[in-house]
Amino acid sequence: MIRFLKKLFGGGVGTGATAKPAREEPAVEYGGFSISPCPRSVGGGWSTEAVIRKTVDGEARQHAFIRADTSPTREAAAALAISKARTLIDQQGDEIFS
């Protein structure tokens, strides 16, 4: 039964045997945070994904996010991910890691 459920739900987002990790673009610094966009080709477009990193109290922290927005090119998706990440940082600051 457990095996069936694992197959049905795939063990979580992006964990399937055919899932490929998104390649990170070069990081952009913003307000003491590092933003690495990770667009992925999805259904004829590019996903809006990024990883936000920062060292807090000597500990490396990171927060990955995926948005429903898609873009027609990899470059546009990376730019949108950076914009979304900046907004998230402005709204939440270090609380993003909580």
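This is a short tour of a predicted model, stop by stop, with something to select at each one.

**Stop 1: colour by confidence**

Start by colouring the protein chain by pLDDT. The average is 84, and 79% of the residues score at least 70. Among the elements of the chain, strand β1 (residues 28-30) has the highest mean, 98, while helix α1 (residues 2-9) has the lowest, 44. Now pick residues 4-19: the pLDDT there is below 50, and beyond near neighbours in sequence this stretch makes five contacts in the model. Hide that stretch if you like, and move on to the strands.

**Stop 2: β1 into β2**

Select residues 28-30, which are β1, and add β2, residues 33-37. The two run antiparallel, joined by three bridges. Click on Y30 and you'll find F33 of β2 standing opposite. These strands make a hairpin with two residues between them, and G31 in the turn has a positive phi of about 55 degrees.

**Stop 3: β2 on its own**

Keep β2 selected and show its side chains. Which residues point which way? F33, I35 and P37 point one way, and S34 and S36 point the other. That fits the usual pattern, as side chains in a regular strand alternate between the two faces of the sheet. Is β2 enclosed or open? Five of its five residues are buried, so β2 is largely enclosed by the rest of the structure.

**Stop 4: β4 and its partners**

Next, select residues 45-56, strand β4, which runs antiparallel to β2 with four bridges between them. To see one of the pairings, label S34 and its bridge partner in β4, R53.

Then add β3, residues 41-42, which also runs antiparallel to β4, this time with two bridges. V42 sits opposite G45 of β4. The β3-β4 hairpin has two residues between its strands, and G43 takes a positive phi near 50 degrees.

Now bring in β5, residues 59-71: β4 and β5 pair antiparallel over eleven bridges. Zoom in on I52 and you'll see H63 of β5 opposite. This pair is a hairpin as well, with two residues between the strands, and D57 in the turn has a positive phi of about 50 degrees.

**Stop 5: the nonpolar core**

Switch to side-chain sticks and select F33, I35, I52, F65, I96 and F97. They have the most contacts inside the largest nonpolar core, which has 13 residues. Which elements give two or more residues to this core? They are β2, β4 and α2 (74-92). Of these, α2 gives the most, with five residues.

Centre the view on I96. Leaving aside neighbours within four places in sequence, what does I96 touch? Its contacts are F33, I52, H63 and L88. You've already met F33, opposite Y30, and the facing pair I52 and H63.

**Stop 6: S71**

Finish at S71, which lies in β5. Is S71 buried or exposed? Its relative accessibility is 9%, so S71 counts as buried. Show what surrounds S71: not counting residues up to four places away in sequence, it touches G45, W46, A76, A77 and L80. G45 is familiar from the β3-β4 stop, where it stood opposite V42.

How values were computed:
Residues are numbered from 1 along each chain as its sequence is written. This is a predicted model: local features need pLDDT of at least 70, side-chain atom pairs count only at pLDDT 80 or more; totals for chains, interfaces and linings use all residues. Side-chain values use heavy atoms; hydrogens and water are left out. Two strands pair if DSSP finds at least two bridges between them. pLDDT is the predictor's confidence in each residue, from 0 to 100. Contact means heavy atoms within 4.5 Å. A nonpolar core is a set of buried Ala, Val, Leu, Ile, Met, Phe, Trp, Tyr and Cys residues joined through side-chain atoms within 4.5 Å. Buried means under 20% relative accessible area, exposed over 50%, partly exposed in between (1.4 Å probe, protein chains only).
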